[in-house]
Structure formats: structure tokens, C-alpha cells
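Please take a moment with the sequence and the model below before reading on. The paragraphs after them are meant for someone meeting this structure for the first time.

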Amino acid sequence: GTRIIYDHKFLLECKNSPVVRTPPCCLPQIPGVTSLVQSSLVKLEELKERNESEEAMPDQGQFEMDI
């Protein structure tokens with residue numbers, strides 16, 4: 001067989017090609033695998049917001065003691 005060898009510069013240029021960014025036409029629609037599920041996107045956004053809010057407000061009552 002014939003082996004095709006591509007150089008690094010060519011491969012990096014192909015990475016930004018519009019052909020690479022379009023999915024193949026014959027792919028089945030599998031939620032969560034080939035297509036993103038809207039509910040999972042909402043859940044991801046909620047988790048990100050919750051994590052950001054927890055980081056912004058550290059637990060104040062952790063070291064408080066009632067005397």
C-alpha cells in the first residue's frame with residue numbers, strides 16, 4: 001500500500017477548515033452523543049452557576065461557635 005504523510009503545518013490548517021466543522025450527512029440522531037440534548041445543556045448551565053455561586057460565597061458558618 002501507499003502511505004500518505006502529512007506535515008504538521010498542513011494538518012493544523014485542515015483543523016480550521018469549514019469542511020471539518022460540518023458533521024457527516026448520514027449520522028443518526030442520538031441525543032447526548034451525536035446531538036446535544038437541550039435538557040442536558042440546561043443542567044450543565046445550572047451546575048456551572050451553582051459552582052460559581054458556591055465559590056463566590058464561602059461557608060461562613062463553618063467555624064462559628066455558639067457560646
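What follows goes from the overall fold to the surface and then to the cysteines.

The model shown here is a predicted one, and its secondary structure comes to 3 helices and 0 strands. Read from the N terminus on, the elements of the chain follow the order α-α-α. Of the 67 residues in the chain, 0% count as buried, and the accessible surface of the chain adds up to about 7,100 Å², with 59% of that area belonging to carbon and sulfur atoms.

On this surface, two patches deserve a closer look. One of them is nonpolar: I4, Y6, F10 and L11 form it, and together they have about 410 Å² of accessible area. Among these residues, Y6 lies in the segment before helix 1, the helix that covers residues 8–15. Does Y6 count as buried, partly exposed or exposed? Because its relative accessibility is 46%, Y6 counts as partly exposed, since that class lies between the limits of 20% for buried and 50% for exposed.

The other patch is one of negative charge, where E45, E46, E49 and E52 gather on the surface. One of these residues, E49, is found in helix 3, which takes in residues 38–56. With a relative accessibility of 52%, E49 counts as exposed, because the class of exposed residues begins over 50%.

The cysteines come last. How many disulfides does a search of the whole structure find? The search finds 0 disulfides. C25 is in no disulfide, although the nearest cysteine sulfur, that of C26, is 3.5 Å away; likewise, C26 is in no disulfide, and the cysteine sulfur nearest to it, that of C25, is 3.5 Å away. The pair is not counted because a disulfide requires two cysteine sulfur atoms within 2.5 Å. As for their surroundings, C25 counts as exposed because its relative accessibility is 76%, and C26 counts as exposed because its relative accessibility is 70%.

Notes: Residues are numbered from 1 along each chain as its sequence is written. This is a predicted model: local features need pLDDT of at least 70, side-chain atom pairs count only at pLDDT 80 or more; totals for chains, interfaces and linings use all residues. Side-chain values use heavy atoms; hydrogens and water are left out. Patches are made of residues with over 30% relative accessible area and no salt bridge: like charges are joined within 9 Å, nonpolar side chains (Val, Leu, Ile, Met, Phe, Trp, Tyr) within 5 Å. Accessible areas come from the Shrake-Rupley method with a 1.4 Å probe; for residues, only the protein chains shown count as cover. A salt bridge is a side-chain nitrogen of Lys or Arg within 4 Å of a carboxyl oxygen of Asp or Glu. Lys and Arg count as positive and Asp and Glu as negative; His and the chain ends are not counted. The place of a charge is taken as NZ of Lys, CZ of Arg, CG of Asp or CD of Glu. Helices (H or I, at least four residues) and strands (E, at least two) are DSSP runs, numbered from the N terminus. Buried means under 20% relative accessible area, exposed over 50%, partly exposed in between (1.4 Å probe, protein chains only).
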